[in-house]
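Subject: Structure for your bench work, with notes

Dear colleague,

Here is the structure I promised to pass on, with the sequence alongside it. My notes follow below, and I would be glad if you read them with the model open.

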Amino acid sequence: MREFAYSRAGDLEEAGRLAEEQGSRFIAGGTNLLDLMKLEVEAPKTLVDVSRLPLTEISPTEDGGLRIGAMVTNADLAADATVRRDYPVLSRALLAGASAQLRNKATTGGNLLQRTRCYYFYETSAPCNKRNPGSGCAALDGFNRIHAILGASDQCIATHPSDMAVAMLALDATVETRLPDGGSRTIALKNFHRLPGQTPEVESNLQPGELITNVVLPPPPKGSHIYRKVRDRASYAFALVSVAAIVAVENGRIASARLAFGGLAHKPWRDRAVEDALIGQEPSQALFEEAADLLLKGATGHGHNDFKIPLARRTMIAVLTEATQEAAQ
Ligand SMILES: Cc1cc2nc3c(=O)[nH]c(=O)nc-3n(C[C@H](O)[C@H](O)[C@H](O)COP(=O)(O)OP(=O)(O)OC[C@H]3O[C@@H](n4cnc5c(N)ncnc54)[C@H](O)[C@@H]3O)c2cc1C
Ligand code: SF4
């Protein structure tokens, strides 16, 4: 591990001021950043500890939604009574992620910005455009079992590893931030993460030194909430494919459908055309198959991960079957 300086921010202003130092990085739970520093994948000059900032509240918004402080831990968020009652898809996604010990440290802000689990990103002797822009991508011709089948580029085929973000995307969450100059802004989660394109090293639309302060959920959507994660082990493993679904059925027809996917792309994936194809229709196997075809029409495997295409199809159909049956009851 390289040497680094450490400062703990006492308030938001101090966090902003410290973040202006060149080569500085925020650290919250440290469960991802510290691992990357130990491997020298990342080598910040200064760590700005934001874990003591007063961003630990989960509070109702005026319109009936929920504001979640960026320092709320994954464990506290999953256990929150309002989240469990009104946003069960989020609670389930959080509990499907990592281990109890990690969830006690991992934070809402840090979870959104955790970095890919691509093996070659962690292997500093391998070419990797994300870690070392312009060096190539070892995964393209390498072992790419966990890699993307949608939205990838010739520069990077990595996936985003967060479970929480998939559920938040289905919930139409927005991210509130504080800019280093003291200003603030709101970014819809669907616009927060980026596809790799020609710059896979740029993973979100945050500016340098911009601090996530809160995530805001709109009022809870009606319907059946499901999070299904397919992985190699029953726990402590990242998603090969995951689906967050919120589906309502009225008078025998699908009244609303929100579907977000993990494990398939460089960012949590949502395709409105797929949802539109479901809305207003009677649930049936044929309809679900058509919707899955639509989702996967542009999917490309890279050899070892070809299996993800039929796996995503089957998982989506199974989730829709379960959600519509549950929602109809
Ligand atoms: C063994 C293992 C298994 C795991 N399994 C899963 C899993 O199945 N599913 C899953 O979703 N996750 C999993 N994780 C990942 C874990 O959820 C993340 O490491 C964690 O959520 C990151 O949060 P953190 O607070 O520790 O972030 P940190 O490590 O502190 O920071 C991560 C990044 O976010 C930035 N950052 C942190 N807070 C802010 C902020 N407020 N504003 C701006 N930038 C910020 C940091 O600068 C850094 O770049 C696993 C991790 C491990 C080690
Ligand atoms: S897939 Fe992306 S993260 Fe993995 S080696 Fe290629 S460029 Fe690096």
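In what follows, a residue is called buried when its relative accessible area is under 20%, exposed when that figure is over 50%, and partly exposed in between. By that cut-off, six of the eight residues of helix H5 are buried, so the helix is largely enclosed by the rest of the structure. The buried residues of H5 are Pro88, Val89 and Leu90, followed by Ser91, Ala93 and Leu94. Please keep in mind throughout that this is a predicted model.

**The ligand and its surroundings**

Ligand 1 is surrounded by 34 residues, and the closest of them are Arg25, Phe26, Thr31, Thr107 and Asp163. An N or O atom in the side chain of Arg25 lies 2.4 Å from an oxygen atom of the ligand. Thr31 places a polar side-chain atom 2.6 Å from an oxygen atom of ligand 1, and a polar side-chain atom of Thr107 likewise lies 2.6 Å from an oxygen atom of the ligand. On its own, ligand 1 has 980 Å² of accessible area, of which the protein covers 94%.

Which elements supply at least two residues each to the shell around ligand 1? They are strand E2 (24-27), helix H2 (33-38), helix H7 (108-112) and strand E8 (211-217). By residue type, the shell around the ligand divides into 16 nonpolar, twelve polar and six charged residues.

**Salt bridges**

Side chains of opposite charge can pair when their charged atoms come close. In this model there are 18 salt bridges, and I describe three of them here.

The side chains of Glu203 and Arg115 form a salt bridge with an N to O distance of 3.0 Å. Because Glu203 sits in the loop between E7 and E8 while Arg115 sits in the loop between H7 and helix H8 (119-122), this pair ties together parts that are 88 residues apart in sequence. Are these two partners buried or exposed? Both Glu203 and Arg115 are buried.

A salt bridge also joins Glu282 and Arg253, whose side chains meet at 3.6 Å, N to O. This pair links distant parts of the chain, 29 residues apart, with Glu282 in the loop between helix H10 (272-278) and helix H11 (285-295) and Arg253 in strand E11. Arg253 counts as partly exposed, at 39% relative accessibility.

Salt bridges that share partners also join Arg25, Glu42, Arg115, Lys130 and Glu203 into one network. When you look at this network, you will recognise Arg25 as one of the residues closest to ligand 1, and Arg115 and Glu203 as the buried pair described above.

The third salt bridge is between Arg85 and Asp86, where the closest N and O atoms are 3.0 Å apart. Arg85 is exposed, with a relative accessible area of 62%, whereas Asp86 is partly exposed at 21%.

**Backbone and surface details**

Most residues other than glycine have a negative phi, and two residues deserve a look against that background. Ala98, which is not a glycine, has a positive phi of about 55 degrees. Ala98 lies in the loop between helix H5 (88-95) and helix H6 (100-105), and its relative accessible area of 37% makes it partly exposed. Asn251 also has a positive phi, near 50 degrees, and its place is in the loop between strand E10 (241-250) and strand E11 (253-262). With a relative accessible area of 81%, Asn251 is exposed.

At the surface, Met1, Phe4 and Tyr6 make a nonpolar patch of about 300 Å². Phe4 is found in the segment before strand E1 (5-8) and is partly exposed, with a relative accessible area of 33%.

Finally, Gln207 lies in the loop between strand E7 (184-188) and E8 and is partly exposed, at 42% relative accessibility. Gln207 and Leu179 are 28 residues apart in sequence, and their C-alpha atoms are 7.7 Å apart in space.

With best wishes

How values were computed. Residues are numbered from 1 along each chain as its sequence is written. Chains are lettered from A and ligands numbered from 1 in the order in which they are written. This is a predicted model: local features need pLDDT of at least 70, side-chain atom pairs count only at pLDDT 80 or more; totals for chains, interfaces and linings use all residues. Side-chain values use heavy atoms; hydrogens and water are left out. A residue is near a molecule or strand if one of its heavy atoms lies within 4 Å of it. A polar contact is a pair of N or O atoms within 3.5 Å; within protein, one must be able to donate a hydrogen and the other to accept it, and residues adjacent in sequence count only if both atoms are side-chain atoms. Accessible areas come from the Shrake-Rupley method with a 1.4 Å probe; for residues, only the protein chains shown count as cover. Helices (H or I, at least four residues) and strands (E, at least two) are DSSP runs, numbered from the N terminus. Ala, Val, Leu, Ile, Met, Phe, Trp, Tyr, Cys and Pro count as nonpolar, Asp, Glu, Lys and Arg as charged, and the others, Gly among them, as polar. Patches are made of residues with over 30% relative accessible area and no salt bridge: like charges are joined within 9 Å, nonpolar side chains (Val, Leu, Ile, Met, Phe, Trp, Tyr) within 5 Å. A salt bridge is a side-chain nitrogen of Lys or Arg within 4 Å of a carboxyl oxygen of Asp or Glu. Buried means under 20% relative accessible area, exposed over 50%, partly exposed in between (1.4 Å probe, protein chains only).
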